[in-house]
Amino acid sequence: MQWKKMIYWLIGIIVGVGGLTASVVFATLIFLEKDKSLKTDNDKSAVSAAATKSVSDSEEMSTEAVNEPVDKSVVTLADGSSGHDFISKWHDFYNDTLGWGRLETTDYAEQQEAAESILSQAENIVIDDSNITSDLEHIKEAAKLVAAADNRDAMRSLHRYFHDLDIYFNGYDYNQTFGVTEFKGED
């Protein structure tokens, strides 16, 4: 009878150690998976590579404009403020809240409020370029989707439009785009 108890104890220890090992491996995999950045088929490798650069790499980037900023009169908001500031502000916002793998973890309430603000600012905007007008219509469509529901694809679209416009319209010091805008700078 003694040997049966020893076999049961041995089986219990093996099962216990195996279960503990499996739990540790599973927890480690979940932790490592959480840190992976999001990547979709639509992401361009150059933009992804830029997003993974360290702070020291960023400090070496040129601040020279790769495109000439467009004249301020091309886009004017209803309150008289510059379209340059509007585009730059929202590009910065989306970099801070969605960039570098934060799309799936961003706070929807904050994104909804931003979308509503974009829609409000876009009312009665004066645009003197048909391509920018088209881009703003796409921005408004995406902003309406985000204002109505937690739509991560529409959030990504907003970020990409403001990213590309910041480069082409404002002369932002980075030349990798997503290629989503009609506006590609002035000829």
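# Close-up legends

**View 1. D150 counts as partly exposed, at 41% relative accessibility.** Buried means under 20% relative accessible area, exposed means over 50%, and partly exposed lies in between (1.4 Å probe, protein chains only). The model is predicted: local features need pLDDT of at least 70, side-chain atom pairs count only at pLDDT 80 or more, and totals for chains, interfaces and linings use all residues. Residues are numbered from 1 along each chain as its sequence is written, and side-chain values use heavy atoms, with hydrogens and water left out. D150 forms a salt bridge with R152, the closest N and O atoms being 2.6 Å apart. A salt bridge here is a side-chain nitrogen of Lys or Arg within 4 Å of a carboxyl oxygen of Asp or Glu. R152 is buried, with a relative accessible area of 16%. Side chains of opposite charge can pair when their charged atoms come close.

**View 2. D153 and R156 pair within helix 7.** Their side chains meet in a salt bridge of 3.1 Å, N to O. Both residues lie in helix 7 (residues 152-168), three residues apart, about one turn of the helix. Helices (H or I, at least four residues) and strands (E, at least two) are DSSP runs, numbered from the N terminus. D153 is exposed, at 54% relative accessible area. R156 is buried, at 18%.

**View 3. K140 and E137 form a salt bridge in helix 6.** The closest N and O atoms of K140 and E137 are 3.3 Å apart. Helix 6 spans residues 130-148, and the two partners sit three residues apart in this helix, about one turn. E137 counts as partly exposed, at 37% relative accessibility. The structure holds three salt bridges.

**View 4. H91 is a buried residue of helix 4.** Its relative accessibility is 1%, so H91 counts as buried. What does H91 touch, not counting residues up to four places away in sequence? The partners are H159, F162, H163, D166 and Y172. Contact means heavy atoms within 4.5 Å.

**View 5. G99 and W100 share the loop between helix 4 and helix 5.** G99 is buried, with a relative accessible area of 5%. G99 touches Y94 and H159, leaving aside residues up to four places away in sequence. G99 and H159 are 60 residues apart in sequence, yet 8.3 Å apart in space, C-alpha to C-alpha. W100 has a positive phi near 55 degrees and is not a glycine. Most residues other than glycine have a negative phi.

**View 6. N124 lies in the loop between helix 5 and strand 2.** Strand 2 covers residues 126-127. N124 has a positive phi of about 60 degrees although it is not a glycine. N124 counts as exposed, at 64% relative accessibility.

**View 7. D107, E110, E113 and E116 form a negative surface patch.** Patches are made of residues with over 30% relative accessible area and no salt bridge; like charges are joined within 9 Å, and nonpolar side chains (Val, Leu, Ile, Met, Phe, Trp, Tyr) within 5 Å. Lys and Arg count as positive, Asp and Glu as negative; His and the chain ends are not counted. A charge is placed at NZ of Lys, CZ of Arg, CG of Asp or CD of Glu. E113 lies in helix 5 (residues 108-122). E113 is exposed, with a relative accessible area of 57%.

**View 8. W3, I7, I11 and V15 make a nonpolar surface patch.** The patch measures about 420 Å². Areas come from the Shrake-Rupley method with a 1.4 Å probe; for residues, only the protein chains shown count as cover. I7 lies in helix 1 (residues 2-34). I7 is partly exposed, at 40% relative accessible area.

**View 9. The protein chain has seven helices and two strands.** Along the sequence, they follow the pattern α-α-α-β-α-α-β-α-α. Buried residues make up 33% of the 187 residues. Among contacts between residues at least 6 apart in sequence, 67% join residues at least 24 apart. The chain exposes about 11800 Å², and carbon and sulfur atoms supply 55% of this area.
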